[in-house]
Amino acid sequence: MLNLQKTELMISAGKPEQFPKNSVPHVVFSGRSNVGKSSLINTLLNRKSLARVSSAPGKTVTVNFYLIDNALIFADLPGYGYARRSYDKKEDFSALTDAYLSRCENIALVLQLVDLKVGLTEYDKMMLKWLVDTGTPFCVIGTKADKLNKTELRKAVQALVGDSSVGAAPVIPFSYLNGAGKDEVWKQIYNVCRE
Ligand SMILES: Nc1nc2c(ncn2[C@@H]2O[C@H](COP(=O)(O)OP(=O)(O)O)[C@@H](O)[C@H]2O)c(=O)[nH]1
Ligand SMILES: [Mg+2]
C-alpha cells in the first residue's frame, strides 16, 4: 500500500523540459476544464486542497505532477475546451499536452474525466481515440454523479458504456461530495501499477 501522507507537488511544469525524468509510473488525469480533475485528485489523496479547485477555470497552462510515496505520479493535464480561453492559450494547452503524451514513457493509466451531465464532447472523443490508437490503458470517470438522480445517473452511465469511443474501458461514476467511486478508482490504479 502507498503512504498517501507522503505526497508532494513535484512541479507545475509549463515547459516540456520541466517534466520529471524518473521512471515512476504515471496516472494521468485528463478532461475539460471544470470537469473535476482537481477534486478527484484531492479525494483520492484524502486532501482538501492539495490540487487547487478553481471556480474560475483554465488560467495557467501547466501539467502538475504529484509524487506519492516516491512510487507513483499523478499527472494533472491542462483542462481543455474552455470557451473563454484565448485562442493562443488553447494552442499552448494542446502543445504542452501533446508533448507530455508523446514523450512520457511511464504512463500506466489515463483517467479520462467526463461530466455526467454534459456527456462526451468532441475533445473527449479525440482523446479517447488517441488512447485506443496508442493502446494506452484508460478508464472513464463520470464526474459530479451527485448532481443526477438515480434514473439520470443510470442513463448517463449507460450512454458512456454504450459509446463506441469508450469501447470496453471501465466507466466509473464519481462524486467528490459523497466519495462515490473513490475505492473503485483506486482499485483500477492498483491493478495497473501491480503489473
Ligand atoms: N457537485 C459536484 N461538484 C463538483 C464535483 N467535482 C468538482 N465539482 C465542482 O466543479 C468545479 C470544478 O472542479 P475542479 O476540480 O477545479 O475541476 P478541474 O478544472 O477539472 O480541475 C468546482 O466548483 C468543484 O467544486 C462533484 O463531484 N460534485
Ligand atoms: Mg484543476
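The legends below describe several close-up views of a predicted model.

**View 1. The chain as a whole, with its helices and strands.**
In this predicted model, the secondary structure of the chain comes to five helices and seven strands. Read from the N terminus on, the elements follow the order β-β-α-β-β-α-β-α-β-α-β-α. Buried residues account for 34% of the 195 residues in the chain, and, among contacts between residues at least 6 apart in sequence, 74% join residues at least 24 apart.

**View 2. The open sheet and its edges.**
The seven strands form an open sheet in the order 1-3-4-2-5-6-7, and the pairing within this sheet is mixed. Strand 1 (7-13) and strand 7 (171-173) are the edge strands, each of them pairing on one side only. From one strand to the next, the twist averages 20°. Strands of a sheet pair through backbone hydrogen bonds, in either a parallel or an antiparallel arrangement. At one edge, strand 1 is joined to strand 3 (residues 63-68) by six bridges, and these two strands run antiparallel; within this pairing, isoleucine 11 stands opposite phenylalanine 65 in strand 3.

**View 3. Strand 2 between its two partners.**
Strand 2 (26-30) is mostly covered, since four of its five residues are buried. Four bridges join strand 2 to strand 4, with the two strands running parallel, and the bridge partner of histidine 26 in strand 4 is isoleucine 73. Strand 2 also pairs with strand 5 in the parallel sense, over five bridges, and here valine 28 stands opposite valine 110 in strand 5.

**View 4. Valine 28 and the largest nonpolar core.**
The largest nonpolar core holds 43 residues, and those that touch the most other members are Val28, Phe29, Leu40, Phe74, Ala75, Leu111 and Ile141. The largest share of this core comes from strand 5, which supplies five residues. When residues up to four places away in sequence are not counted, valine 28 touches Ala75, Leu77, Ile107, Val110 and Leu111.

**View 5. Helix 1 and its surroundings.**
Helix 1 (residues 37-44) lies across strand 2, strand 3, strand 4 (72-76), strand 5 (107-115) and strand 6 (138-143), and runs at about 160° to strand 4. Because six of the eight residues of helix 1 are buried, this helix is largely enclosed by the rest of the structure. The buried residues are Lys37, Ser38, Leu40, Ile41, Thr43 and Leu44, and they pack against strand 2, strand 3, strand 4, strand 5, strand 6 and helix 5 (182-194). Helix 1 is followed by asparagine 46, whose phi is positive, near 55°.

**View 6. Helix 4 and the loop that leads to strand 7.**
Helix 4 (residues 150-161) lies across strand 5, strand 6 and strand 7, and runs at about 160° to strand 7. Alanine 169 is found in the loop between helix 4 and strand 7. Alanine 169 is partly exposed, because 19 other C-beta atoms lie within 10 Å, whereas a buried residue would have 20 or more. Although alanine 169 and phenylalanine 138 are 31 residues apart along the chain, their C-alpha atoms are separated by 6.5 Å. With residues up to four places away in sequence left out, alanine 169 touches Phe138, Cys139 and Val140.

Note on methods: Residues numbered from 1 in each chain as written. Chains lettered and ligands numbered in written order. Predicted model: local features only at pLDDT ≥ 70, side-chain atom pairs only at ≥ 80, totals over all residues. Pairing = 2+ DSSP bridges. Axes fitted to C-alpha atoms, helices over the stretch in contact; angles between N-to-C directions. Contact = placed C-beta atoms within 7 Å. Core = buried A, V, L, I, M, F, W, Y, C linked by C-beta atoms within 7 Å. Buried ≥ 20, exposed ≤ 12 C-beta atoms within 10 Å, placed from the backbone.
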